[in-house]
Amino acid sequence: MTTDKWTQWLLTRRDGDSKDLRARQTSGLEFFRDGVLDRAGLKPDDVLLDVGCGTGLIGFGALERLGPDGRVIFSDVSQHLLDHCRRTAGGDKRCSFVQASAEDLAGIADASVDIVTTRSVLIYSDRKATAFAQFSRVLRPGGRLSLFEPINRFPLQHRPDDLFGLGSSPVDDLLAKVRDVYRGHTEEAERPMVDFDERDLIAWAAAAGFEAVELDYRAQLDVPAEPITDWETLKRVAPNPLVPTYGEAIAAALTDEERDRLDAHMTFLTAAETPTRRTMATAFLRALRP
Ligand SMILES: C[S@@+](CC[C@H](N)C(=O)[O-])C[C@H]1O[C@@H](n2cnc3c(N)ncnc32)[C@H](O)[C@@H]1O
């Protein structure tokens, strides 16, 4: 098993290694994938660079839309994830794999690609403006940028203490202690995830020389959402690659007695199929390299 935090999260910690949860996350991920690709204006023989490809959500979606002369360059900082994508590609000659960070795109020549895509990658970068400059560098004139990012500043501003979308609940005291684990241990790691919003994305695109910049922003505050279906699985989930799983945070924050009380309440909510409430914001951006 790799110790690469990106690989661990994408393969197991995002869904608690549960087939069931993985299947339920798929439709949301497909929505994001299609949103990025629909805005990219792919032509059959385009060369598309996916930055921070992960397990290939965007890249393999693009291959389905490209013709035999199209190409996808999968790039990521994680060699494990590039190896994973290479295995999935199974020898498809339209694929290549480049280890590079968004902030340098080393190995990708100037003006060499038609489309740059990226999804949920800039959020982890502490040099986002530099990444936009790199996207501009590698795009040919007339090339397109299409990206998606969560805007975590929104839930942080509106629901800073909300862990599971429960609203006010009899275990608020316990959840506050668990939330403090995330706050205390991960503030610095999470800073790039909350130090920007949709207006910054537009400003960075413009500063990097992009034109025809369009951004679709969606904010949801306390919107009714799915109940928690499996508390034991949820405890194996980490909300992002940089932080502990909920179970790890609970173990660090609570006494055995408190843990039992939280378990009992969450099991009760699960059995009663109590709806949760979603607070999140997202942005799709597309832009043209003149
Ligand atoms: C949340 S995952 C998203 C993966 C993929 N884009 C998707 O949509 O499923 C973040 C990805 O960004 C990669 N990554 C993290 N920091 C990066 C950086 N500075 N430059 C390029 N990739 C990075 C990670 O290895 C991981 O694959």
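In this predicted model, the ligand sits among 20 surrounding residues, and the closest of these are Trp 6, Gly 52, Gly 54, Ala 102 and Arg 119. Sorted by character, that shell comes out as 11 nonpolar residues, six polar ones and three charged ones. Two helices stand out as contributors: α1 (5-13) and α3 (57-65) each put at least two residues into the shell around the ligand.

Helix α3 also has a helical neighbour to deal with. Packed helices of this sort are described by the angle between their axes and the distance between those axes. Here, the axes of α2 (residues 19-38) and α3 come within 10 Å and cross at roughly 60°. With angles of 65 to 115 degrees counting as roughly perpendicular and those under 35 degrees as roughly parallel, α2 and α3 are therefore oblique to each other. As for handedness, the crossing of α2 past α3 is right-handed. On the α2 side, the contact is made by Leu 29, Arg 33, Val 36 and Leu 37, which meet Leu 57, Ile 58, Gly 61, Ala 62 and Arg 65 of α3. The mix in this α2 with α3 contact is six nonpolar residues, one polar and two charged.

Over at helix α5 (residues 128-138), the buried set is made up of Lys 128, Ala 131, Phe 132, Gln 134, Phe 135, Ser 136 and Val 138. What do the buried residues of α5 pack against? Their partners are three strands, β1 (47-51), β4 (113-119) and β5 (139-150), along with one helix, α8 (198-207).

Notes. Residues numbered from 1 in each chain as written. Predicted model: local features only at pLDDT ≥ 70, side-chain atom pairs only at ≥ 80, totals over all residues. Near = placed C-beta within 6 Å. Helix = DSSP H or I, 4+ residues; strand = E, 2+ residues; numbered from the N terminus. Nonpolar A, V, L, I, M, F, W, Y, C, P; charged D, E, K, R; others polar. Buried ≥ 20, exposed ≤ 12 C-beta atoms within 10 Å, placed from the backbone. Contact = placed C-beta atoms within 7 Å. Axes fitted to C-alpha atoms, helices over the stretch in contact; angles between N-to-C directions. Parallel < 35°, antiparallel > 145°, perpendicular 65-115°, else oblique. Left-handed = near helix turned anticlockwise from the far one by under 90°.
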